[in-house]
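User: I should like to understand how the terms used to describe a protein structure are justified. Please set each value against its definition.

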Amino acid sequence: MTTVDSGRNTGLTMLPGKYSGMVVCWILGFGSLVSWNSMLTIGDYYYELFPKYHPSRVLTLVYQPFALATMAVLAFNEARIDTRKRNLTGFTLFFLSTFALLALDLATSGAGGLGNYIGICAIVAAFGVADAFVEGGMVGDLSFMCPEFIQSYLAGLAASGVLTSALRLVTKAALERASNGLRKGVMLFLAISTFFELLCILLYAFVFPKLPIVKYYRTKAAAEGSKTVAADLAVAGIQTEATERADNNAKQLERLSNKQLFFQNFDYFLDLYLIYVLTLSIFPGFLYENTGSHRLGSWYALVLIAVYNMFDLIARYIPLIEKIKLKSRNGLMIATLSRFLFIPCFYFTAKYGDQGWMIMLVSFLGLTNGYLTVCLLTVAPQGYKVSRILPYNCYGFCADFLTVFKFYFLLKENSIITFIFF
């Protein structure tokens with residue numbers, strides 16, 4: 001074990017591992033959503049097995065309350081939760097749940113019925129709990145590091161949608177005419193997702209904490225009073241004097257209360273909530289059930305999902321260009337509110353438009369979702385790094401609460417569009 005003076009001003013340019021960290025963050029982001037995106041992308045398979053149960057809508061309704069309840073608990077207890085254990089718990093639960101989904105289908109030979117549907121719903125509930133552990137935990141973990149890490153993580157989230165959509169299209173094309181081809185494609189699909197979840201466990205447990213730049217940031221967080229990074233530093237072989245000094249400097253390093261953090265960041269919370277309440281009101285349930293029949297036939301919904309995911313991924317790299325990155329709090333709010341114009345657009349396009357117009361509209365939905373998400377989550381923590389010394393736990397709490405707002409009121413995932421259309 002080596003001892004590091006955590007107060008030392010180490011030059012970041014001298015620390016290797018930044019680009020390796022970006023790659024690892026991208027894979028961790030991919031793993032954070034690949035299980036859920038797998039569920040969305042194989043929706044056509046579940047519609048064949050359970051045609052009367054509206055799986056795309058119902059599974060989202062099951063997923064959201066478990067994610068919301070777990071995230072709310074984690075948000076209010078964030079300062080006392082070990083970040084390493086939290087994230088590893090989430091990735092492990094993702095791995096076990098995805099494997100369980102594969103095992104359930106194999107055990108039942110792809111049979112339908114209410115019993116199997118309830119089993120799938122239970123697994124989806126586990127996805128919600130895992131997402132609550134991982135998403136807020138990873139965003140909080142990366143928020144106090146360099147912005148490129150969190151941007152790579154968010155890009156990985158979007159990439160999971162793109163790659164799962166691409167893989168689904170390939171397996172559908174290759175196996176559609178084979179005997180039981182749809183099910184075989186889904187089995188291959190879930191097996192690949194399970195592998196990536198296992199990879200995320202290994203990378204986060206053994207590779208990421210040992211990168212020099214990650215050691216530096218976590219040592220700095222410990223110096224600012226964070227106690228949640230102790231396990232990560234221990235894995236990296238570092239002991240710091242910061243934890244011992246934290247109690248003696250309690251006044252200087254006093255953590256803002258949850259109430260203070262909430263009100264200081266309320267507009268960011270509201271932005272993220274509004275971004276996702278609109279996006280998830282349309283994607284995926286509306287795209288599967290309310291866009292009519294077109295020339296693409298059974299491929300139509302899959303193409304719409306793939307287009308959304310592709311443009312969502314592209315948009316998450318746009319903020320890397322500083323000149324077009326939106327940083328103004330008022331600007332973010334205006335841009336977020338303007339997205340609600342999508343509601344009448346989707347209404348009239350679904351009723352009167354052709355598939356080309358719907359594809360174009362879905363691409364803009366993905367672009368605005370990805371761009372605003374990255375802008376918001378990379379700008380939100382910055383004030384705390386400049387204006388005052390705050391423990392890392394403040395970033396973690398903000399990340400958790402931002403994610404709570406992403407889930408909040410999505411218990412009725414299609415509430416806005418369903419209300420208008422029906």
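Analyst: We begin with burial: a residue is buried if its relative accessible area is under 20%, exposed if it is over 50%, and partly exposed in between (1.4 Å probe, protein chains only). By this rule both Phe342 and Phe346 are buried. The model is predicted, so local features need pLDDT of at least 70 and side-chain atom pairs pLDDT 80 or more, whereas totals for chains, interfaces and linings use all residues. Residues are numbered from 1 along each chain as its sequence is written, and side-chain values use heavy atoms, with hydrogens and water left out.

User: Why does Leu154 count as buried or exposed, whichever applies?

Analyst: Leu154 has a relative accessibility of 1% and therefore counts as buried. This residue belongs to helix 6, residues 147-175; helices are DSSP runs of H or I with at least four residues, numbered from the N terminus. Leaving aside residues up to four places away in sequence, Leu154 touches Arg316, Thr373, Val374 and Leu377, where contact means heavy atoms within 4.5 Å. The C-alpha atoms of Leu154 and Gly29 are 6.1 Å apart, although 125 residues separate the two along the chain.

User: What makes Val277 count as buried or exposed?

Analyst: Its relative accessibility is 5%, so Val277 counts as buried. Val277 lies in helix 12, residues 266-282. Between the C-alpha atoms of Val277 and Phe340, which are 63 residues apart along the chain, the separation is 9.9 Å.

User: How do you know whether Glu78 is buried or exposed?

Analyst: The relative accessible area of Glu78 is 3%, and therefore Glu78 is buried. Glu78 is found in the loop between helix 3 (55-76) and helix 4. Glu78 and Gly136 are 58 residues apart in sequence, and their C-alpha atoms are 9.7 Å apart in space.

User: What makes Phe196 buried, exposed or partly exposed?

Analyst: Phe196 has 24% relative accessibility and so counts as partly exposed.

User: How many aromatic pairs are there by the rule for rings?

Analyst: The count comes to 15 aromatic pairs. Rings of Phe, Tyr and Trp (its six-membered ring) pair if their centres lie within 6.5 Å; planes under 30 degrees apart count as stacked, over 60 as edge-to-face and the rest as tilted. One of the pairs is Phe195 with Phe196, which is edge-to-face, at 5.6 Å centre to centre and 70° between the planes.

User: What makes the pair of Phe342 and Phe346 stacked, edge-to-face or tilted?

Analyst: The ring centres of Phe342 and Phe346 are 6.1 Å apart and the planes stand at 55°, so the pair is tilted. Both residues lie in helix 16 (residues 342-352), 4 residues apart, or about one turn of the helix. Elsewhere, Trp26, Phe30, Phe195 and Phe196 form one aromatic cluster.

User: Why are helix 1 and helix 5 called roughly parallel or antiparallel?

Analyst: Helix 1 (residues 18-41) and helix 5 (residues 114-143) pack at about 160°, with axes 10 Å apart. Axes are lines fitted to C-alpha atoms over the stretch in contact, and angles run from 0 to 180 degrees between N-to-C directions. Angles under 35 degrees count as roughly parallel, over 145 as roughly antiparallel, 65 to 115 as roughly perpendicular and the rest as oblique. Helix 1 and helix 5 are therefore roughly antiparallel.

User: Which residues of helix 1 and helix 5 meet?

Analyst: Among them are Cys25, Leu28 and Trp36 in helix 1, and Ile120, Phe127 and Asp131 in helix 5. The contact of helix 1 with helix 5 has 11 nonpolar, 2 polar and 1 charged residues. Here Ala, Val, Leu, Ile, Met, Phe, Trp, Tyr, Cys and Pro count as nonpolar, Asp, Glu, Lys and Arg as charged, and the others, Gly among them, as polar.

User: Why are helix 1 and helix 4 called roughly parallel or antiparallel?

Analyst: Their axes come within 10 Å and cross at roughly 30°, helix 4 being residues 83-108. Helix 1 and helix 4 are therefore roughly parallel. Their contact includes Leu28 and Gly31 of helix 1, and Phe91 and Phe94 of helix 4. By class, this contact of helix 1 with helix 4 has 5 nonpolar, 4 polar and no charged residues.

User: What makes helix 16 and helix 17 roughly parallel or antiparallel?

Analyst: Helix 16 and helix 17 (residues 355-379) pack at about 160°, with their axes 10 Å apart. Helix 16 and helix 17 are therefore roughly antiparallel. Phe342 and Phe346 are among the helix 16 residues that meet helix 17, where the partners include Trp357 and Phe364. The residues of this contact of helix 16 with helix 17 divide into 10 nonpolar, 2 polar and no charged.

Definitions and conventions:
Helices (H or I, at least four residues) and strands (E, at least two) are DSSP runs, numbered from the N terminus.
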